[in-house]
Structure formats: C-alpha cells, structure tokens
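I sat down with this one to make some notes for the bench. Here is what I looked up, in the order I looked it up.

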Amino acid sequence: AYMVGFLGTKTMGGTNNASPTPSISPNLPNAPKAEMVKITGGTFKMGRNDGDIKERPEHSVTIKDFWMDKTEVTNDEYVNFVAETNHPAPNHWVNGKPVQGTEKFPVRFVSFDDAESFAKWRSTRDGVTYRLPSEEEWEYAARNGSKNNLYPWGDKFEDANTVMSVSDSEPAIVGSKPNGRNFWGVVDLLGNVWEWTATEINAYPGSAAQVQKTAEKRIVVRGGSAHENPAKINISSTFRADVPVKQKEKNLGFRLVRSD
C-alpha cells in the first residue's frame with residue numbers, strides 16, 4: 001500500500017524570507033486576468049511502466065479539448081479575489097496583501113478549498129466556468145498530448161528549463177523559464193510550485209498498489225517545486241504526489257482550466 005503525502009517540506013506557517021513591505025492596494029477595475037491556452041484533445045499514454053509504483057502501469061487516456069492557464073495563478077490575481085470576497089489571505093502576506101515585488105509570483109499557502117473558491121469567483125467575474133484540472137488533463141498538457149514526452153519540453157531533463165533546487169525554496173516570477181514551456185506554450189508545469197488537481201488519489205487501473213484511505217480526503221498534486229532537487233528526486237510529467245485537502249504549503253499553488 002502507498003500514501004504519498006510528499007512535498008519535501010512541512011507546512012511553514014507564514015515564514016517568508018522577503019522584506020515585509022505590503023504592496024500597493026489592488027486596483028480592482030484593472031484587475032489582471034490570466035492568459036489561457038487551448039489544449040487540443042486526443043489520446044495519450046498516462047503513467048510510465050519504468051516509474052515509481054504509483055506511476056504504473058502506463059495506460060491510454062482520451063482527453064477532450066480544454067483551455068489551461070498559461071501560468072500558475074499569481075499573487076496579483078489572487079489579491080483581487082481576497083479584496084472582493086473577504087476570503088482569508090495566504091498567511092505569509094502582510095495586511096492582506098502580497099509582499100511588494102512578489103505580485104507576479106505564484107500564489108501559495110492555498111488549500112484545495114481556497115483554490116476552488118477562487119475558481120468560483122473568477123467564473124462569476126468572467127462569465128465562464130473555471131475549475132481545477134483533472135489529473136489526466138494536467139498530465140496530458142505536461143506530456144504534450146500524444147507526443148508522450150517525459151517533460152513539457154521533450155524527453156531529456158534540462159536544469160535550465162525549470163525552477164527547482166532553489167536554496168531557500170522560494171519560487172520565481174511565473175514564466176521565468178520560457179524554454180520549459182510545453183507544445184502549446186504553457187509554462188512552469190514542472191517546478192516553481194506544486195499544483196493542485198481536482199483528482200482524489202487512487203491507484204491506476206491494473207496497478208498492484210493499494211491506496212490507504214484516510215479520514216481527510218487526499219488530492220493529487222503535480223509538477224514539483226522550487227524545493228525539490230531533481231538530482232535526488234526524478235520529478236517528471238508523470239510524477240504523482242498527494243496531500244490532504246486542507247493542506248497549505250510554502251511550495252503549493254495552482255492553475256485553472258475550463259472546458260472548450
């Protein structure tokens with residue numbers, strides 16, 4: 001049996017290395033809106049037979065067309081959600097605002113419910129239905145669909161293409177590694193922050209593994225973060241981890257999708 005629960009850090013209760021200077025109050029009429037990229041559907045091989053037990057076995061999955069945020073949701077967008085709804089701010093912000101200079105960093109210290117609440121707010125704002133990606137959709141995008149690449153940029157790991165193994169585990173501005181983009185132009189699918197999916201952890205069809213169920217639902221997260229050392233942990237587009245639904249981590253954020 002397995003229960004992943006792996007992010008590489010414990011919950012960090014608001015610790016932040018940046019200078020605690022609150023940013024300028026959000027200008028709500030000019031609130032930033034995420035750029036979305038259309039992912040053309042198809043059939044791909046999910047998982048890998050030579051990976052960890054939780055990544056096996058490889059199996060075919062068919063995905064419909066969908067749209068995906070080009071970047072992870074940023075502090076700059078999330079602060080408008082907090083301001084308009086009085087939703088609790090991430091606990092490392094100062095006076096309900098991100099630290100100045102981090103507006104374009106991925107939002108962090110957000111639970112599954114926080115991400116879903118944000119999706120509901122953004123759906124109302126834009127008049128379409130946003131949601132967290134399914135685990136299948138996320139891997140399809142990260143493997144370039146039927147190309148079945150092991151990484152968004154190809155089949156060989158390249159340190160320069162991802163924000164990983166950072167000494168203080170702090171993420172970078174979204175899109176800072178453009179050579180790490182996938183076929184459709186989505187960036188930071190590997191590294192920067194782990195990303196929530198909409199999928200509860202389960203073993204793949206035909207797997208010999210058994211997942212231990214817990215009182216608190218556990219959700220699959222994907223992609224690794226600035227914390228992980230790729231020389232020690234082989235994080236690829238097939239790598240799976242899971243965390244409790246209420247978990248809030250220094251290295252855990254999200255991006256949204258919508259159906260075509």
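**Starting with a strand pair**

I began with β1 and strand β4 (residues 66-69), which pair in the antiparallel sense over four bridges. I picked out one residue to follow across: Val37 has Met68 in β4 as its bridge partner. A reminder to myself that this is a predicted model.

**The three-stranded sheet**

Next I wanted the rest of that sheet. The strand order is β1-β4-β9 in an open sheet of three strands, and the pairing is antiparallel. Which strands stand at the edges? I found β1 (36-39) and β9 (257-259) there, and each has a single partner strand, so one side of each is left without a neighbour in the sheet. From one strand to the next, I noted an average twist of 25°. I then looked for what packs on this sheet, and the helix I found was α3, which touches β1, β4 and β9. The direction of α3 makes about 75° with that of β4.

**The four-stranded sheet**

I moved on to an open sheet of four strands, which has the order β7-β6-β5-β8 and mixed pairing. The edges here are β7 and β8 (252-253); each has a single partner strand, so one side of each is left without a neighbour in the sheet. I checked one pair in more detail: strand β5 (residues 194-200) and strand β6 (residues 218-222) run in the antiparallel sense and share three bridges. Trp196 is a handy landmark, as it stands opposite Val221 in β6. I met α3 again at this point, lying across β5 and β6 and running at about 135° to β5.

**Backbone oddities**

I went through the loops for unusual backbone geometry. Where is the cis peptide bond? It joins Arg56 and Pro57, with omega at about -5°. I placed Pro57 in the loop between β2 (42-46) and β3 (59-63). Ser169 also caught my eye, with phi near 65°, a positive value in a residue other than glycine. I located Ser169 in the loop between α3 and β5.

**Pocket and cavities**

Then I turned to empty space. I put the volume of the largest pocket down as about 180 Å³. Its lining includes Pro32, Lys33, Ala34 and Glu35, together with Lys70, Thr71, Glu72, Val73 and Thr74. Glu77, Lys104 and Val174 also line this pocket. Sorted by class, the pocket lining has six charged, four nonpolar and two polar residues.

How many cavities of 30 Å³ or more are there? I count two. I looked into the second largest cavity, which holds about 40 Å³ of space. Glu200, Ile201, Gln212, Lys213, Thr214, Glu216, Lys217 and Arg218 line this cavity. Five of these lining residues are charged, two are polar and one is nonpolar.

**How confident the model is**

Last, I checked the confidence values. The protein chain has a mean pLDDT of 90, with 88% of its residues at 70 or more. Over residues 1-6 the pLDDT is below 50, and I noted 28 contacts in the model for this stretch beyond near neighbours in sequence. Residues 8-29 also have pLDDT below 50, and that stretch has 49 contacts beyond near neighbours in sequence. Among the elements, I found the lowest mean pLDDT, 96, in strand β7 (residues 241-244). The highest, 99, belongs to helix α3 (residues 135-142).

Key
Residues are numbered from 1 along each chain as its sequence is written. This is a predicted model: local features need pLDDT of at least 70, side-chain atom pairs count only at pLDDT 80 or more; totals for chains, interfaces and linings use all residues. Side-chain values use heavy atoms; hydrogens and water are left out. pLDDT is the predictor's confidence in each residue, from 0 to 100. Helices (H or I, at least four residues) and strands (E, at least two) are DSSP runs, numbered from the N terminus. Contact means heavy atoms within 4.5 Å. On a 1 Å grid over the protein atoms alone, a cavity is a set of points where a 1.4 Å probe fits but cannot get out, and a pocket is an open set with protein on both sides within 12 Å along at least five of seven lines; lining residues have an atom within 4 Å of a point. Grid points are joined across faces, edges and corners, and a volume is the space filled by probe spheres set on the points. Ala, Val, Leu, Ile, Met, Phe, Trp, Tyr, Cys and Pro count as nonpolar, Asp, Glu, Lys and Arg as charged, and the others, Gly among them, as polar. Two strands pair if DSSP finds at least two bridges between them. Axes are lines fitted to C-alpha atoms, for helices over the stretch in contact, and angles run from 0 to 180 degrees between N-to-C directions.
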